[in-house]
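Reader: I would like a close look at a single part of this model, taken slowly and with its surroundings included. Please choose one element and describe how it is built and what lies against it.

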Amino acid sequence: MPATEQRIALVTGANRGIGLEISRQLAARGLLVLLGIRDPEKGRRTEEELRRRKLDARWRPLDVADPVSIRSATSRILDEFGRIDVLVNNAGILIDPHRGVLELDPVTLHNTLQTNAVGPLLLSQACIPAMRTRGYGRVVNVASGMGALGEMADPGSPHG
């Protein structure tokens, strides 16, 4: 596929776990994968790992808890490539597993909501207009039960 036609995916939290595997599989399907990772060392290491496998992946600094980082990253990507075809909102943090939601301090609660809810929304707001303009786009929001506030009452309980 010519580089101009190659689909571009931005995957947050791409340095390990599900994000890394999503990145690997998208790149294996021919997409250029932009690895949204906040830590430069982890970003470079993940890019090198995927490129050793002959996969088209490039690290981009992105902290989903920081609105300035989100605006900066998406702006640079859109300037460089003209589009983002696929956004995978995967980055997330586990809220303090040792305390219930009613016992959380405001800073922990704020940081968790900023990373797990506000960040993906801001990324979607930054990417979707360009997707609409091009007439194509996909947004995938990855979540787990452990990221839900309802699970905090008793993470081991099958009922939350």
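Author: In this predicted model, helix 4 covers residues 106–134, and its 29 residues reach 41 Å from the first C-alpha to the last, close to the 42 Å expected at 1.5 Å a residue. The helix nevertheless has a kink of about 40 degrees, centred on Q114, and Q114 is itself among the buried residues of helix 4. The two ends can be described in turn: at the N-terminal end D105 acts as a cap, with a side-chain oxygen 3.1 Å from the backbone nitrogen of V107, while just after the helix G135 takes a positive phi of about 80 degrees.

The buried residues of helix 4 are T112, Q114, T115, G119, P120, L123, S124, C127, A130 and M131. Because an α-helix has 3.6 residues a turn, residues three or four places apart point the same way. The buried residues of helix 4 pack against strand 1 (8–12), strand 4 (86–89) and strand 5 (138–141), as well as against helix 3 (67–81).

Strand 1, one of these partners, leads on to the neighbouring part of the fold, since five bridges join strand 1 to strand 2 in a parallel arrangement, with A9 having V33 as its bridge partner in strand 2. Strand 1, helix 1 (residues 17–28) and strand 2 together make a right-handed β-α-β unit. From strand 2 the chain crosses through helix 2 (residues 40–52) to strand 3, and this β-α-β crossover is also right-handed. Six of the six residues of strand 2 (residues 32–37) are buried, so strand 2 is largely enclosed by the rest of the structure.

Conventions:
Residues numbered from 1 in each chain as written. Predicted model: local features only at pLDDT ≥ 70, side-chain atom pairs only at ≥ 80, totals over all residues. Heavy atoms only, no water. Helix = DSSP H or I, 4+ residues; strand = E, 2+ residues; numbered from the N terminus. Expected span 1.5 Å × (residues − 1). Bend = angle between axes of the 7 residues up to and from the residue. Buried < 20%, exposed > 50% of the residue type's maximum accessible area, 1.4 Å probe, protein only. Contact = heavy atoms within 4.5 Å. Polar contact = N/O pair within 3.5 Å; in protein donor to acceptor, adjacent residues only side chain to side chain. Pairing = 2+ DSSP bridges. Right-handed = clockwise from strand over helix to strand, strands pointing away.
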